[in-house]
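Subject: Structure for your review

Dear colleague,

Please find below the sequence and structure that I am handing over to you. My findings follow directly after them.

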Amino acid sequence: RGMQRNKTIYLDVSFSFRIYEEGRESTSERPHLFETDVEICLIGGSCKSPIERFWNGNSVFILQKARHNEESDPMEESKMDDAVYVSELLPKESSGPVALSVRRAKQLISLYTMVQNPNMTHLKISELVVLPPLWIRCDGSDPEHTCWLGAEPLKAGNKITGINFYMVTCDGPTADKTHFANLEELKMAHKKKHHSSIVMTKGFAQYELIRAAAIEDTIVESESNISVDITWNTVNKVLETPPLISAATLNIALESGDPRSPVYELYRELQFLLALAEGLKTGVTEWPEPLESESAVELVREFLMDLKKKLDGYCVSGNKNETEKIKCDTAAVDSSIKSIFSERGDLDFAEQLWCKMRSKCVSSYQELIQCFTLIIKSLEYGEIQPWIHQGSNSLLSKLIQQSYHGKIEVISLSGINPIQMLLEIGLDKMKKDYVSFFIVKSRSCLLFQDYFISTSVDLQEQVHRVQKLHHMLEIMVSCTVLLQFKHENLFPLTQICMKYYKENPLDEKHVFQLPIRPALVKKFYQNDHPEIWKVDISSAHGQKEAKTTWQVSTNPPVEHMTSNNTGLFSDSTVNGSSEERMYFITMAQCSQVHFT
């Protein structure tokens, strides 16, 4: 029986080494089957660590319950007296990771410790490899409600000298602050456990500043969120408000298309542009339903007639006072934003044409052909001599330039040509809109201007880059209107966004981070409850460092435990105070075992 046990241990270790070797080449969160009831994955590199709030490190093994195993295993069964637990924290059936029983997790931690112990010579391991730290998802079925168990080798050079064990427990949610810890008691417990006379404290708090909310009793399907992370040294009491000398980082995750956004009409304009680009790519264009009785063709005909009437004395170079002022959709925004993003006063002929055709919604391919037929005939007959911006790159702009010399080339209004012509003038117009904001309005030096407005790439890529510009605009406008940011704050944020988008594709779920002074946003959180508040109590340094973490959070601290009551206010009155925030209470502790 002993030989069989050693063989099993050796096979487990061998498999761990194989996973480790694969992970070193290509880090992946995809789990591998470790045993019949256990999955393993190596988290590292750019992958988000599920235990980052309780442990700082790079590569780490994560063990969890294998999903294919539907039948209960005897080792998965915990004693009934150990299973008394708040039902909200028990794992639910979902697509997320599933936890192992605490009993099974302790067995795996013991196995991991054995194979890392150089004194276990009877295992006959020819070469002892230092494995990455191991963390195991637990189901909280023990009296302490353990949700994570962890182990990390302690090293002296290449030699393993011991193991650092971690245990993370969780309780709640509760609004009863009598369940909260006392900071002095936490410090005394840490000193006693780790035989230290001096401890240091470090605080962390996260406040939500802006979040997607309800519109007329309907929840907006959006992940938009602006929060601030604040860290400081020397904590005086639990749940204290961070001092103004703290370090703060603004986290901005913003999805475009919120109807409450001051630039929502510009977003709709972008959607029309995207529909044209998709039609150009696939050959099938989804035309919008006409919003008004007057067709786009009738509007274009009236527009051309007005230009004909103004031709007498009309200067080719353009007269801005005589150029028709179009009430473009971007001007139909709330008055609070007009000074930030308002209609440009220098719309040329092509841009005015785009606004008219967009606002009246060209509703068919045939209607689009009719519009361009009217325009080209007017140019051919010299009935109009419209003004256009220098440097415009659309085919229509080139035809207008040719018309100044009395002759234009013949083009075919068939196939994809009409769609491409409309897409080009829309691209030209929207690029100028965004550049106007980033350079003129926000006074930001557009370091990567050439990248975002380049015409050396194909139309699809140009559209993709305009999408990036719009996402950046949404971020700047939200920070300006909602957080009252000034130029000195918008400037570095603009540069951060531009640098990211020069190197990465469009990602509206990306969290942009901006270091700020807490005073800049203090008024938004000083009277609010934090989403997360924690204190780290530590002693010693290096590998001898011991840390205790106490945390409260409005959401479950681990993804393998869920609750139907997360982030809600308590319906009842607790200690005479109504609408108290409900919190999960989490505790992370460590202990060390030395082999020599």
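To begin with one residue of this predicted model: is Lys499 buried, partly exposed or exposed? Lys499 is partly exposed, because its relative accessible area is 46%. Its salt-bridge partner is Glu503, with the closest N and O atoms 3.3 Å apart. Both residues belong to helix α13, where four residues, about one turn of the helix, separate them. Glu503 counts as exposed, at 55% relative accessibility.

The whole structure contains 13 salt bridges. One of them pairs Glu255 with Lys509, at 3.2 Å between the closest N and O atoms. This pair links distant parts of the chain, 254 residues apart: Glu255 is in the loop between β11 and α4, and Lys509 in the loop between α13 and β12. Glu255 is buried, with a relative accessible area of 17%, whereas Lys509 is exposed, at 57%.

A further salt bridge joins Arg581 and Glu531, at 2.7 Å from N to O. Here too the pair links distant parts of the chain, 50 residues apart. Arg581 and Glu531 are both buried. In addition, salt bridges with shared partners connect Glu269, Lys429 and Asp433 into one network.

Glu424, in helix α10, is buried yet has no salt bridge. The nearest side chain of opposite charge, Lys398, lies 7.0 Å away, and a salt bridge requires a distance within 4 Å. Beyond its sequence neighbours, Glu424 touches Ser394, Leu395 and Leu459.

Finally, Phe372 in helix α8 is buried, with a relative accessible area of 0%. Its contacts farther along the sequence include Leu396, Leu413 and Met421.

Yours sincerely

Definitions and conventions
Residues numbered from 1 in each chain as written. Predicted model: local features only at pLDDT ≥ 70, side-chain atom pairs only at ≥ 80, totals over all residues. Heavy atoms only, no water. Helix = DSSP H or I, 4+ residues; strand = E, 2+ residues; numbered from the N terminus. Buried < 20%, exposed > 50% of the residue type's maximum accessible area, 1.4 Å probe, protein only. Contact = heavy atoms within 4.5 Å. Lys, Arg positive; Asp, Glu negative; His and termini not counted. Lists of a residue's contacts leave out its neighbours within four places in sequence.
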